[in-house]
Amino acid sequence: MIEYELLSATQAHQCLPELGDVLQSCVKDGASVGFTDPDDRQAIDRFWKDKIYSLASHDCELLIARDKGFLAATVIINYCGIPNGRHRAEISKLLVHPQARRQGIARELMRRAEDMAWKKGISLLVLDTRTGDVASDLYLSLGWQIAGVIPCYAKSIENTLHGTTFMYKINDSAG
């Protein structure tokens, strides 16, 4: 049974190695999530340490999924702190460990992240994903809209440039 949990900064710090393992495994599997060297664990751990700092300052929230205790997936909601953007948030690092895929975990994490954001009064969510990735189909099935595509946006672990698709979702029920 998959269990979902919102982590505090302290809890995230306690499972830093597991968070790093999920990110590293996804990068090794070819995910375009900001890293080009899956063996650069120092950069991966630095990312999570920075994110834990953001958790402590309430700039973001981290949801995880565990499958029989194994940290299987993550998603981050990054809140915009500038005055003209407090109505929006960015979804990032929707990561599902390659061994835990095809169980509906990503869909459930997204549903939960959206619900959390809407309950906080967020009216606009944004994200980006590598153009053509299977994740685009997931987001579209959840009601996300394509805002546009930028070619040659990010480098893959194969050292190839790929476009990124920017997407958004509006909470129509938020005033």
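**Exercise 1. The two faces of helix α5**

Task: In this predicted model, determine which exposed residues lie on the face of α5 turned away from its buried side, and which residues of α5 are buried.

Solution.
1. Begin with the face turned away from the buried side of α5: the exposed residues Val134 and Asp137 are found there.
2. Next, identify the buried residues. Helix α5 spans residues 134–141, and Ser136, Leu138 and Tyr139 are buried in it.
3. Consider how these buried residues are arranged around the axis. They lie on the same side of α5, because they cover an arc of only 160°.
4. Finally, establish what the buried residues of α5 pack against. Their partners are the strands β4 (88–96), β5 (124–130) and β7 (161–170), together with helix α4 (105–119).

**Exercise 2. The residue just after α5**

Task: State which sign the phi angle of glycine 143 has, just after α5.

Solution. Glycine 143 takes a phi of about 95°, and this value is positive.

**Exercise 3. Classifying aromatic pairs**

Task: State how many aromatic pairs the structure holds, and classify the pair formed by phenylalanine 47 and tryptophan 48 and the pair formed by tyrosine 139 and tryptophan 144.

Solution.
1. The structure holds four aromatic pairs.
2. For phenylalanine 47 and tryptophan 48, the ring centres are 5.0 Å apart and the planes stand at 70°. Planes over 60 degrees apart count as edge-to-face, so this pair is edge-to-face.
3. Check the burial of these two residues against the cut-off of under 20% relative accessible area. Phenylalanine 47, at 18%, is buried, and tryptophan 48, at 0%, is buried as well.
4. For tyrosine 139 and tryptophan 144, the ring centres are 6.2 Å apart and the planes stand at 55°, so the pair is tilted. Both tyrosine 139 and tryptophan 144 are buried.
5. Phe47 and Trp48 also belong, with Phe35, to one aromatic cluster.

**Exercise 4. The packing of α2 and α3**

Task: Describe at what angle helices α2 and α3 pack, and decide how their orientation is to be classed.

Solution.
1. Helix α2 comprises residues 16–28 and helix α3 residues 41–56; the two pack at an angle of about 125°, and their axes are 9 Å apart.
2. Compare this angle with the classes: 65 to 115 degrees counts as roughly perpendicular and over 145 as roughly antiparallel. The helices α2 and α3 are therefore oblique to each other.
3. The crossing in which α2 passes α3 is right-handed.
4. Name residues that meet. Those in α2 include Leu16, Leu19 and Leu23, and those in α3 include Ile44, Phe47, Trp48 and Ile52.

Conventions
Residues numbered from 1 in each chain as written. Predicted model: local features only at pLDDT ≥ 70, side-chain atom pairs only at ≥ 80, totals over all residues. Heavy atoms only, no water. Buried < 20%, exposed > 50% of the residue type's maximum accessible area, 1.4 Å probe, protein only. Helix = DSSP H or I, 4+ residues; strand = E, 2+ residues; numbered from the N terminus. Arc of directions from axis to C-beta. Contact = heavy atoms within 4.5 Å. Phe/Tyr/Trp six-rings, centres within 6.5 Å; stacked < 30°, edge-to-face > 60°. Axes fitted to C-alpha atoms, helices over the stretch in contact; angles between N-to-C directions. Parallel < 35°, antiparallel > 145°, perpendicular 65-115°, else oblique. Left-handed = near helix turned anticlockwise from the far one by under 90°.
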